[in-house]
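Colleague: Could you walk me through how to read a model like this one? I would like to begin with local backbone features and work outwards.

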Amino acid sequence: MPAIVLVGAQWGDEGKGKATDLIGGQVDYVVKFNGGNNAGHTVVIDGETYALHLLPSGILTPGVTPVIGNGVVVDLAVLFEELDALEARGIDTSRLVVSANAHLIPSYNRTLDKVTERFLGKRRIGTTGRGIGPTYADKMARVGLRVQDLFDEKILRQKVEGALEQKNQLLVKVYNRRAVSVDEVADELLSYADRLRPMVTDTALLLDRALTDGKVVIMEAGQATLLDVDHGTYPFVTSSNATAGGASTGSGVPPTRIDGVIAVLKAYTTRVGEGPFPTELFGDEGERLRKAGGEFGTTTGRPRRCGWLDTVIGRYATRINGTTDLVVTKLDVLTGYDPVPVCVAYDIDGVRHDEMPMTQTEFHHAVPIFEYFEGWDDDISGARTLDDLPPAARRYLEAIEDMCKAPISAVGVGPGREQIVAIRDLVR
């Protein structure tokens, strides 16, 4: 049975949790393979809204094993806060498993993240300040702390001491903050060890055996394609690989066992934080789209920047991820717009670009070239088949397929998990 990767095709907040829920009844394992609690999934079940930040969205589906893979960075306080909140609402969280190789977010990295961003001033990235970037930097610098270190106190304290030799220099001499002691960091982390221990396993081995046994595994990206540290709008990106290629390194599932890539594309475009955004709307136009779509960050509550659909980045996402299926979300938000603009190319200094420009400088100068599509006024929230959609909405979807060069397999028409037009099976 297949391993399937699920990614965001834009700058995040596309509704990946909805796509996971759509196939939840066919899935045995849902793996989070990158990122940390710097992003979120909002899932609506029977009118109940669940906001997940660190946990895989599969934790809400009975019978599914949610997996935090080795590519994730874990804030233990946040992990247990989320688990406790779900259990208080009657959700069984006992199936969660966590990779022994996942990295931990220590308190000093949360502090460094916040003070560094303030120090950058106008050059700030737009980080959430949750310690994600510094923790990935520690991982690459080989001074990071891993989940398995919690179970060897001597090793943990040695690693914390080694990391603080540099971190305290930065905190005290550059940022005028107090030094952090080894004991306060180690003791906080060790306080979670006993509760975490039963959840920890060799998740790469677990997933290999699951696939061999014919189970269906979904590998779910945090953030999205344009936030990928290699393939996104650098430096306004996250600190991990949020594209399909990151699924293998972040989970231990080899690429030869991946059968499909589902890319989730919002019917318009949003992003949070700094960085270029060619189709961004400002003033009343942007506010109208923001209110209609409820575009406020799941993790931070920040208002999202909103703009029209950009099919240049849609094509780019298809190419980078090897997309086999598109899931288009929030089509209902465009009800009442007429015409509906779609960015089909960029004008950069008088030259038309149909593909993503090679340099970040060019992308900063990109001016969208729009085509305009007939809108619709019908309430589409009850649609369950393509025939239920008005002709103009169907033509809009056909244009997306043509421009993004991938077939649409499902369309979201409302916030509820049942409000979806299913076109073809995502698990084949």
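**Reading the backbone and the fold**

Modeller: Happily! Gln223 sits in the loop that runs between β10 and α9. Keep in mind that this is a predicted model.

Colleague: What phi does Gln223 take?

Modeller: Start with the general idea: most residues other than glycine have a negative phi, and most peptide bonds are trans. Here, Gln223 is not a glycine, yet its phi is positive, about 60°.

Colleague: Is Gln223 buried or exposed?

Modeller: Gln223 counts as buried because its relative accessibility is 7%, and the cut-off for buried is under 20%.

Colleague: Which other residue that is not a glycine has a positive phi?

Modeller: Asp13 does, with a value of about 65°. Asp13 belongs to the loop between β1 (3–8) and α1 (16–22). Its relative accessibility is 23%, so Asp13 counts as partly exposed.

Colleague: What does Asp13 touch, leaving out residues up to four places away in sequence?

Modeller: Asp13 is in contact with Lys266, Thr270, Val272 and Arg304. There is also a record to consult: an unreviewed UniProt entry lists Asp13 and Gly40 under "binding site". Such annotations may be inferred rather than shown by experiment.

Colleague: And peptide bonds: where are the cis ones you would point out?

Modeller: One joins Tyr234 to Pro235, with omega near 10°. Pro235 is in the loop between β10 and α9, where Gln223 also lies. Another cis bond links Asp338 and Pro339, and its omega is about 0°. Pro339 is placed in the loop between β15 (325–329) and β16 (340–348).

Colleague: Let's turn to a helix. How many residues of α9 are buried?

Modeller: The general idea is that an α-helix has 3.6 residues a turn, so residues three or four places apart point the same way. In this model, α9 covers residues 244–251 and is mostly covered, with six of its eight residues buried. These are Ala244, Gly246, Ala247, Ser248, Gly250 and Ser251.

Colleague: Which elements do those buried residues pack against?

Modeller: Their partners are the strands β1, β2 (29–32), β10 (217–220) and β11 (258–266), along with the helices α8 (203–212) and α11 (311–321). Just after α9 comes Gly252, which has a positive phi of about 85°.

Colleague: Now for strands. How would you read His103?

Modeller: Place the residue, check its cover, then list its contacts. His103 is in strand β8, residues 103–104. Its relative accessible area is 9%, so His103 is buried. Not counting residues up to four places away in sequence, His103 touches Asn70, Val72, Val73, Val74, Thr135, Lys139, Gly144, Leu145 and Arg146.

Colleague: Let me try the same steps on Val421. Where is Val421, and is it buried or exposed?

Modeller: Val421 is part of strand β20 (residues 420–422). Val421 counts as buried because its relative accessibility is 0%. With residues up to four places away in sequence left out, its contacts include Ala383, Arg384, Thr385 and Leu386. Ser409, Ala410, Val411 and Val413 are also among the residues Val421 touches.

Colleague: How far apart are Val421 and Thr329, in sequence and in space?

Modeller: They are 92 residues apart in sequence, while their C-alpha atoms are 9.9 Å apart. For the chain as a whole, take contacts between residues at least 6 apart in sequence: 75% of them join residues at least 24 apart.

Colleague: What does the whole chain look like?

Modeller: The protein chain has 13 helices and 20 strands. Its radius of gyration is 22 Å, close to the 22 Å that the globule rule gives for 428 residues, so the chain is as compact as a globular protein of that length. Its C-alpha trace spans about 65 × 50 × 40 Å along the principal axes.

Colleague: And how about burial, surface and charge: what are the numbers?

Modeller: Of the 428 residues, 57% are buried. The chain exposes about 17500 Å², and carbon and sulfur atoms supply 50% of that. There are 46 positive and 59 negative side chains, and the centres of these two sets lie 5 Å apart.

Definitions and conventions
Residues are numbered from 1 along each chain as its sequence is written. This is a predicted model: local features need pLDDT of at least 70, side-chain atom pairs count only at pLDDT 80 or more; totals for chains, interfaces and linings use all residues. Side-chain values use heavy atoms; hydrogens and water are left out. Helices (H or I, at least four residues) and strands (E, at least two) are DSSP runs, numbered from the N terminus. Buried means under 20% relative accessible area, exposed over 50%, partly exposed in between (1.4 Å probe, protein chains only). Contact means heavy atoms within 4.5 Å. The radius of gyration is taken over C-alpha atoms; the globule rule is 2.2 Å times the number of residues to the power 0.38. Accessible areas come from the Shrake-Rupley method with a 1.4 Å probe; for residues, only the protein chains shown count as cover. Lys and Arg count as positive and Asp and Glu as negative; His and the chain ends are not counted. The place of a charge is taken as NZ of Lys, CZ of Arg, CG of Asp or CD of Glu.
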